[in-house]
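This briefing covers how the chains of the model pair and what lies around the DNA.

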There are 2 protein chains.
Amino acid sequence: MSVKSISKTLDTLDYFLNSNSIKGISLKEICDHLGFKKSAAHHMLSTICDKGYLYQDLKSKKYFLGSKLKKFSEVIDLNANSFINFAEPFIKKINDVTGEAVHLASFEGTRLITLSMLESTHPVRVDHGFLNKDNAFHATASGKAMLAFMSEASQKKILKGKLEKFTNHTIINLSQLSNELKRIKKNGFATDDEEFQPGVYCVGYPIFDDEQKPFASVSCSSPKFKITSDKKYLEKIKNSVKFSALEIGKYFKKTRKKGDKHAA
Amino acid sequence: MSVKSISKTLDTLDYFLNSNSIKGISLKEICDHLGFKKSAAHHMLSTICDKGYLYQDLKSKKYFLGSKLKKFSEVIDLNANSFINFAEPFIKKINDVTGEAVHLASFEGTRLITLSMLESTHPVRVDHGFLNKDNAFHATASGKAMLAFMSEASQKKILKGKLEKFTNHTIINLSQLSNELKRIKKNGFATDDEEFQPGVYCVGYPIFDDEQKPFASVSCSSPKFKITSDKKYLEKIKNSVKFSALEIGKYFKKTRKKGDKHAA
DNA sequence: TATAAAGTTTATTAATATTAAACTACTATT
DNA sequence: AATAGTAGTTTAATATTAATAAACTTTATA
């Protein structure tokens, strides 16, 4: 189904991304961490170096990220960065008002991605950093807020395959989820009631582009007990997130050129 | 010798880098340009998308660069950018004084890379933009200026395999080249007398790091006829490049941490 | 709505990536 | 300085896998 040698190659690049690769990584270390045989890994790395994505230092033999990879940011930045920059003050505002963790999310194909986030400022805080939410469209407020406003075709593609059960509250039944999405569409916002992480409650609002398609979402995560113990707290969060989502949506009123990105 | 599926994968990413991929690229376009069969390309692209390096828009089915690729720049930037920024005014100075094209080069393993460049301001100018000089260590002033000051072991690795003959003047004989490198080491600078491009004469000076190893080089390219018709012109260029190379080298006096990068 | 074009899936087979083993180069230790 | 040990490289055999064609599905077009 997937091409193994490509998979290994990209896992290797991931490893460079996620470890301290600034001082180089040895063949042995790559093999140890990723479970490769040294000869196969050597063939692979030679090819990657040939193409300039990595390079091998002549003396130490260690591998480094090649400058070619830097060029990608120049091409990608153009669009996404201006949106993130535009959104930043509004994300900050939610963080200021609530003190809770705030996430700006979007999607690429069927993958949920985090564009930026702010940590909670509270002593008791939800600490989930840049969690890997690749397959958590169905279990997060960020994900559901976007999902609910997509075409049925897009929803189907994103949800195909079994829905991972992250907690006891995760909705893994398709028809249940379908009802949930309808409710979200009606209410205009999504919640995550311990569906992704136990003890964490999130509120998410969609951000629409100039064609009224969901392009991104903002969410605020707080400890569940705060929500249950103080009814007004949820209202406060909802109002703050809703306001920011609307403001961020104004980005598309002026700047966005038709057909630039997401057509889903 | 090299792994084909990896090679194709990275060629595909290159294609995204070098074409206008902002509006997405279709499977057909990828196949047409790179000579792939659609089924094989589809398998490949699915795998790349799985890993988040590309993504496929749900509606248009076109492929886009994934935000994961953007993250690499954040990791790579730390070192290289500050050097390039430091060097910029000195590159600019050569360009101001001579009006000719100026290149700041470095190397990754055995590959010569261009860190930055300035175009000629003259009406008759050497127009070679970001030429692909991957395998031109032996044929450029930038390359030879660094090569001459490397260890014999490093020289050997870089020069192994046949030396490509770019012009009639390209030195493709190893012992001839060895003499040339000795001369460069003695003189302190390299020239490229139509060895890479006909009609183009270049002067290159090495830039040394805090361990007196060649880390980068600056070069200035001008039309050959200017050099031959005016003896003083070459002196002017040499002085300017020499000065800037020395100044850029001062970068390592303060900022560089030991073992950060190149150990060659 | 029909036709064409593009994208996806499948099962087969031809090609290639993986492997172990031999080899080389480098490090550390006595 | 010699040796043992470690890491990296190369090779050639073969077992796996990627490429293929063909069937199929979806999307676009006229």
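**Chain pairing and DNA surroundings**

In this predicted model, chain A has 53 residues in contact with 53 residues of chain B. The sections below take the interface, the relation of the copies, and the surface near DNA strand C in turn.

**Interface between chains A and B**

- On the side of chain A that touches chain B, at least two residues each come from helix H1 (4-18), helix H3 (38-50), strand S1 (54-56), helix H4 (68-98), strand S4 (111-118) and helix H6 (152-159) of chain A.
- The most is given by H4(A), which supplies 11 residues to this side.
- By class, the residues on the side of chain A that touches chain B are 21 nonpolar, 20 polar and 12 charged.

**Relation of the two copies**

- A turn of 180° with a shift of 0.0 Å along the axis lays chain A on chain B with an RMSD of 0.1 Å.
- The two copies are therefore related as by a two-fold rotation axis.
- Of the interface residues of chain A, 98% are also interface residues in chain B, so the copies meet through the same surface.

**Surface near DNA strand C**

- DNA strand C is surrounded by 20 residues, the closest being Ser39(A), Lys4(B), Ser26(B), Lys28(B) and Ser39(B).
- H1 and H3 of chain A each supply at least two residues of this surface, as do helix H1 (4-18), helix H2 (27-34) and helix H3 (38-50) of chain B.
- H3(A) gives the most to the surface near DNA strand C, with 4 residues.
- This surface has 8 polar, 7 charged and 5 nonpolar residues.

Technical notes:
Residues numbered from 1 in each chain as written. Chains lettered and ligands numbered in written order. Predicted model: local features only at pLDDT ≥ 70, side-chain atom pairs only at ≥ 80, totals over all residues. Contact = placed C-beta atoms within 7 Å. Nonpolar A, V, L, I, M, F, W, Y, C, P; charged D, E, K, R; others polar. Near = placed C-beta within 6 Å. Least-squares fit on C-alpha atoms with pLDDT ≥ 70 in both.
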